[in-house]
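This report considers the fold and the charged side-chain pairs of a protein model. The sequence and the structure are shown first.

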Amino acid sequence: MSAPGSRVAALATLAEGPAEESEEEEKRWKWNAASKCSLVPSSLLLILRQQHNNCHSNGKFSVNSRLLLGVMACPLCPVSVSSCSSPTHDDDSFPPRISLTDQIPIESSSAQYIVQQYIAATGCTKLYTSLKNSYTMGKLKMLAKDYETPSTVSRNLPRSAEIGSFVLWQFMPDMWSVELVVGCNKVHAGSNGEIVWRQTPWLGSQAAKGPARPLRRAIQGLDPRTTAKMFVEARFVGEKRIREEDCFILKVAASPAALAERNDGSAEVIRHALFGYFSQKSGFLVYVEDSHLTRIEYTGNDAVYWETTIETTIDNYKPVDGVMIAHSGRSVVTVFKFGGQLGMTSTKTRIEETWTIEEIVFNVPGLSMDFFIPPAEVRKGSASGDPPELTSGKFGNGKAWQNSRGKLK
């Protein structure tokens with residue numbers, strides 16, 4: 001969607017250090033609250049307001065929160081659903097028909113069958129014709145667990161969990177906006193169907209290169225419609241037992257051409273693949289695992305590689321207007337850095353998040369496309385599709401990353 005310039009407004013950022021709330025900040029808060037007050041429950045506004053005030057009153061700022069939010073807040077899926085078969089009420093090919101011809105690999109037809117079972121289990125077929133938008137509010141806890149170097153290993157780091165909350169708005173078919181607050185930091189990300197962008201207090205606003213992709217958090221049991229659209233072009237790659245439950249495994253991966261679109265200067269995305277584990281008994285998606293590898297060249301140094309693995313357990317499916325939605329889960333992220341000078345530099349950090357869903361509403365009255373206009377400073381292709389902490393070197397070549405490590409200890 002192309003938004004008129006007069007309607008695009010830059011989003012307010014949170015101060016990194018302790019500071020009194022200025023008059024201008026107060027105006028921004030009131031504007032943001034007022035603009036959505038008819039849509040956001042008052043309980044959530046109270047939570048966000050309290051967190052906002054606490055960050056100014058206690059004078060604390062956690063670099064650890066940057067690490068947690070930078071990696072876990074809003075990662076994207078490896079593929080764009082627009083490149084997959086689009087399920088619409090006018091498209092007779094969806095739910096996908098199982099084809100046993102020689103032209104269709106057995107891995108693909110098997111995946112289509114598994115997706116059909118998932119659609120039936122979640123009851124999301126009704127969403128294809130009736131769903132216009134949705135609102136999801138959840139609470140979460142994030143914690144940096146372990147940190148390893150070639151010479152030291154720190155297990156169960158003595159840090160209290162960072163408590164937070166998030167709000168996810170979706171406007172069909174492919175617009176979304178997520179606001180996530182943890183500690184004294186907020187991340188705001190979104191997509192208008194053409195551009196995916198993210199805004200943090202420490203890096204400002206940046207746009208992801210390449211086509212718009214779904215938010216990974218949405219496929220963690222929150223959006224069966226998008227999940228089905230993404231996995232319809234997956235490949236069946238095997239079976240595995242997860243938590244005493246036999247599962248089918250489907251794989252989706254970014255193509256070499258798609259990866260090349262996401263390269264940015266010294267950063268090269270080598271691979272990005274996602275595996276979905278579907279219960280053979282219930283048909284639900286119960287486990288998601290993805291792996292992302294990036295190679296970054298730093299001036300005067302050897303290349304550094306960043307491998308990020310996210311493993312998510314999805315629990316507690318409950319009906320919402322007849323559609324089965326997951327209401328809790330746990331993600332474990334491992335960030336592995338290796339390479340560097342003489343190939344001797346390596347670190348491994350493990351981060352954990354647990355989340356619960358407090359409220360989900362379909363077809364929110366008054367929610368319009370205006371909510372998904374990117375910040376004014378965002379321009380397509382202005383940043384990498386990878387976490388800016390990596391490509392900008394904020395955590396990559398050392399100081400902020402080392403500061404975070406010091407905080408973690």
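The text below proceeds from the whole chain to one helix and then to salt bridges.

**Overall architecture**

The model is predicted. The protein contains nine helices and 14 strands. Of its 409 residues, 52% are buried. Its accessible surface amounts to about 18,000 Å², and carbon and sulfur atoms account for 51% of that area. When contacts between residues at least 6 apart in sequence are considered, 67% of them join residues at least 24 apart.

**Helix 4**

Helix 4 spans residues 106–122 and has 17 residues. From the first C-alpha to the last, helix 4 reaches 24 Å, close to the 24 Å expected at 1.5 Å a residue. Its buried residues include Ser-109, Ala-111, Gln-112 and Ile-114. Val-115, Tyr-118, Ile-119 and Thr-122 of helix 4 are buried as well. Just after helix 4, Gly-123 adopts a positive phi of about 70°.

**Salt bridges**

Side chains of opposite charge can pair when their charged atoms come close. In this protein the count comes to nine salt bridges. The table lists three of the pairs.

| Pair | Closest N to O distance | Relative accessible area |
|---|---|---|
| Arg-217 and Glu-353 | 2.8 Å | Arg-217 4%, Glu-353 2% |
| Asp-246 and Arg-241 | 2.8 Å | Asp-246 38%, Arg-241 46% |
| Arg-295 and Glu-297 | 2.7 Å | Arg-295 24%, Glu-297 34% |

Which parts of the chain does the salt bridge between Arg-217 and Glu-353 tie together? Arg-217 lies in the loop between strand 7 (204–207) and helix 6 (224–231), and Glu-353 lies in strand 14 (residues 345–362), so the pair links parts that are 136 residues apart in sequence. Is Arg-217 buried or exposed? Buried means under 20% relative accessible area, and Arg-217, at 4% relative accessibility, therefore counts as buried. Glu-353 is likewise buried, because its relative accessible area is 2%.

The other two pairs in the table involve partly exposed residues. Asp-246 is partly exposed at 38% relative accessible area, and its partner Arg-241 is partly exposed at 46%. In the pair formed by Arg-295 and Glu-297, Arg-295 counts as partly exposed at 24% relative accessibility, and Glu-297 is partly exposed with a relative accessible area of 34%. Salt bridges that share partners also join Arg-241, Glu-244 and Asp-246 into one network.

Methods: Residues are numbered from 1 along each chain as its sequence is written. This is a predicted model: local features need pLDDT of at least 70, side-chain atom pairs count only at pLDDT 80 or more; totals for chains, interfaces and linings use all residues. Side-chain values use heavy atoms; hydrogens and water are left out. Helices (H or I, at least four residues) and strands (E, at least two) are DSSP runs, numbered from the N terminus. Buried means under 20% relative accessible area, exposed over 50%, partly exposed in between (1.4 Å probe, protein chains only). Contact means heavy atoms within 4.5 Å. Accessible areas come from the Shrake-Rupley method with a 1.4 Å probe; for residues, only the protein chains shown count as cover. The expected span of a helix is 1.5 Å times one less than its number of residues. A salt bridge is a side-chain nitrogen of Lys or Arg within 4 Å of a carboxyl oxygen of Asp or Glu.
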